[in-house]
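I opened the file to look up its pockets, then one strand and one helix. These are my notes, in the order I took them.

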Amino acid sequence: MATTPLTLKELSKKEGLLTSGHRMCAGCGAPIVVKMVLLAAEGPIVAANATGCLEVSTCISDYTAWKIPWIHNAFENAAATLSGVETMYRSLKKQGKISKDIKFIAFGGDGGTYDIGFQSLSGAMERGHDMLYICYDNGAYMNTGIQRSSATPFGADTTTCPAGSVIPGKTQQRKNLTKIMAAHDIPYAAQASPSHWMDLVKKVKKALSIEGPKFMNILSPCNRGWRSRTDDAITLSRLGVETCYWPLYEIENGVTKVTFKPKEKKPLVDFLKPQGRFKHLFAPENEWMLKKFQEAVDKEWESLLKASGNEQP
């Protein structure tokens, strides 16, 4: 594995492989996540990118913000496309036509990962392709109008589960995709957050040093869909971690390890209050929803601590 020091000073000296000037919304979490991932990676990289906010805003016509070989895919097939590229690479290397060690990274939003692209992602993981799939999770189909996805949190107000007199927002809990991917018996699966940059960078470096299929789920605040301030991406990411809504952990060869344990676990409402998509939950008649949401978060956190032996990271 690469030995580049994990310091901001050293990382700041590296070339940014996603340039400024793209058309992502001001304050969007996705380009922050991608820049961190690419700073952590060493050597040649080939990326595939499922249709979504990141894709449509970073490559317009013949203009691109990417400084690496990059492939635009449909919503449903980023993992399948990169599987083919990785297979071709192995063949060319076996024939002696390529000598470089190339890393393969797929990026997709939650719509193109949890839902539309789940079949191709599951297939790529099951076949064992040497690639890292990264989901930037903003919790809805933000690019097409803030429709619910299976990553949308319980209670959230979206355009397809609007909070009102008929329903109080989304009535289902979000899908636990990180554990679903780990259940494929892949060598590495992890959750990360841009608020904890060193944890994220370490996980990317570890993932890319492991042969075989890897998956990372990274929280990616969307101020448009979350109805939050444009400068709150890192603050909300941190609150997501400190309330344990978005716990930081990894599952390596079946072994679970919590990589960050808050000194004082904050109540979930600290994460929910700054987001307009949850404002209806604070009405007296929806108090039961806050209670149910908190209970679900607590249950998942306790399950992770138990699985990791309640170890301090």
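For the pocket search I take a pocket to be an open set of grid points with protein on both sides within 12 Å along at least five of seven lines. A volume is the space filled by probe spheres set on the points. I note that the model is predicted.

Entry 1, largest pocket. I read a volume of about 340 Å³ for the largest pocket. Its lining consists of 18 residues, and Arg174, Asn176, Ala296, Val297 and Glu300 lie nearest the centre. I sorted the lining by class and got 10 nonpolar, 4 polar and 4 charged residues. Which helix gives the most to this lining? I found helix 12, residues 287-307, with 6 residues.

Entry 2, second largest pocket. Here the volume is about 200 Å³. I listed 15 lining residues, with Cys25, Cys28, Cys53, Met142 and Cys222 nearest the centre. Two elements give two or more residues to this lining, namely helix 3 (53-58) and helix 9 (223-226). Helix 3 has the largest share, 3 residues. By class I have 8 nonpolar, 5 polar and 2 charged residues.

Entry 3, strand 1. I looked up burial along residues 45-50 and found 6 of 6 residues buried. In a regular strand the side chains alternate between the two faces of the sheet. I therefore checked each face separately, given that alternation. Ile45, Ala47 and Asn49 are buried on one side, and Val46, Ala48 and Ala50 are buried on the other. Next I looked up the pairing. Strand 1 runs parallel to strand 5 (residues 103-109), with 5 bridges between them, and Asn49 stands opposite Phe107 there. Strand 1 is also parallel to strand 4 (residues 70-73), joined by 4 bridges. In strand 4, Trp70 is the bridge partner of Ala47.

Entry 4, helix 2. I checked the length of residues 29-40 first. At 1.5 Å a residue, the 12 residues should span 16 Å, and the end C-alpha atoms are 17 Å apart, so the two values agree. How many of the 12 residues of helix 2 are buried? I count 9, so to speak of helix 2 as mostly covered is fair. The buried residues are Gly29, Ala30, Pro31, Val33, Val34, Met36, Val37, Leu38 and Ala40. I then looked up what they pack against: strand 1, helix 3, strand 5, strand 6 (132-137), helix 8 (197-209) and strand 8 (214-219). Strand 1 from entry 3 and helix 3 from entry 2 are thus both among the packing partners of helix 2.

Terms used:
Residues numbered from 1 in each chain as written. Predicted model: local features only at pLDDT ≥ 70, side-chain atom pairs only at ≥ 80, totals over all residues. Heavy atoms only, no water. Buried < 20%, exposed > 50% of the residue type's maximum accessible area, 1.4 Å probe, protein only. Pairing = 2+ DSSP bridges. 1 Å grid on protein atoms, 1.4 Å probe; cavity = no way out; pocket = protein on both sides within 12 Å on 5 of 7 lines; lining within 4 Å. Nonpolar A, V, L, I, M, F, W, Y, C, P; charged D, E, K, R; others polar. Expected span 1.5 Å × (residues − 1). Contact = heavy atoms within 4.5 Å.
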